Amino acid sequence: MKTLDKSLVTKLAVAVAVKIVVLSIIWWAFFYEQRVTVDAKQVSDQLFSPIASSANKGDRP
């Protein structure tokens with residue numbers, strides 16, 4: 001590899017590492033403690049309910 005190629009690879013590796021660190025900090029700061037409760041009855045009702053209107057079917061006016 002040329003010196004320029006090694007420099008580019010190094011810069012890209014540093015950029016990716018910094019992005020991973022920043023995204024990890026953002027996730028830890030804002031999303032780590034978030035919890036979603038799931039009610040099995042509501043999920044089954046939503047999944048298996050009939051479609052109410054033609055707008056939900058993807059029909060165009």
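1. Tyr32 has a relative accessibility of 38% and therefore counts as partly exposed. This residue is a suitable place to begin reading the structure, which is a predicted model.

2. Tyr32 takes part in an aromatic pair, and the count of such pairs comes to 1. The partner is Trp27: the ring centres of Trp27 and Tyr32 lie 5.5 Å apart and their planes stand at 80°, so the arrangement is edge-to-face. The cut-off behind this label is an angle over 60 degrees between the planes. Trp27 is itself partly exposed, its relative accessible area being 46%.

3. Both rings also belong to a nonpolar patch on the surface, formed by Val14, Val18, Val22, Leu23, Ile26, Trp27, Trp28, Phe30, Phe31 and Tyr32. Together these residues have about 1,100 Å² of accessible area. To enter such a patch, a residue needs over 30% relative accessible area.

4. Where does Phe31, one of the patch residues, lie? Phe31 is found in the loop between α1, which covers residues 3-30, and α2, which covers residues 40-48. With a relative accessibility of 49%, Phe31 counts as partly exposed, because the exposed class begins over 50%.

5. The charged side chains supply a further contact, and the count of salt bridges comes to 1. In this bridge the side chains of Asp45 and Lys41 meet at 3.0 Å, N to O. Asp45 and Lys41 are 4 residues apart in helix α2, so about one helical turn separates them.

6. Are the two partners of the salt bridge exposed or partly exposed? Lys41 has 54% relative accessibility and therefore counts as exposed. Asp45, at 40% relative accessibility, counts as partly exposed.

7. Some totals place these details in the setting of the protein chain. The secondary structure comes to 2 helices and 0 strands. Of the 61 residues of the chain, 0% count as buried, a class that requires under 20% relative accessible area. The protein chain exposes about 6,300 Å², and carbon and sulfur atoms supply 65% of this area.

8. In summary, the reader may keep two contacts in view. One is the edge-to-face pair of Trp27 and Tyr32, whose residues are also part of the nonpolar surface patch. The other is the salt bridge between Asp45 and Lys41, both of them in helix α2.

How values were computed
Residues are numbered from 1 along each chain as its sequence is written. This is a predicted model: local features need pLDDT of at least 70, side-chain atom pairs count only at pLDDT 80 or more; totals for chains, interfaces and linings use all residues. Side-chain values use heavy atoms; hydrogens and water are left out. Rings of Phe, Tyr and Trp (its six-membered ring) pair if their centres lie within 6.5 Å; planes under 30 degrees apart count as stacked, over 60 as edge-to-face and the rest as tilted. Buried means under 20% relative accessible area, exposed over 50%, partly exposed in between (1.4 Å probe, protein chains only). Patches are made of residues with over 30% relative accessible area and no salt bridge: like charges are joined within 9 Å, nonpolar side chains (Val, Leu, Ile, Met, Phe, Trp, Tyr) within 5 Å. Accessible areas come from the Shrake-Rupley method with a 1.4 Å probe; for residues, only the protein chains shown count as cover. A salt bridge is a side-chain nitrogen of Lys or Arg within 4 Å of a carboxyl oxygen of Asp or Glu.
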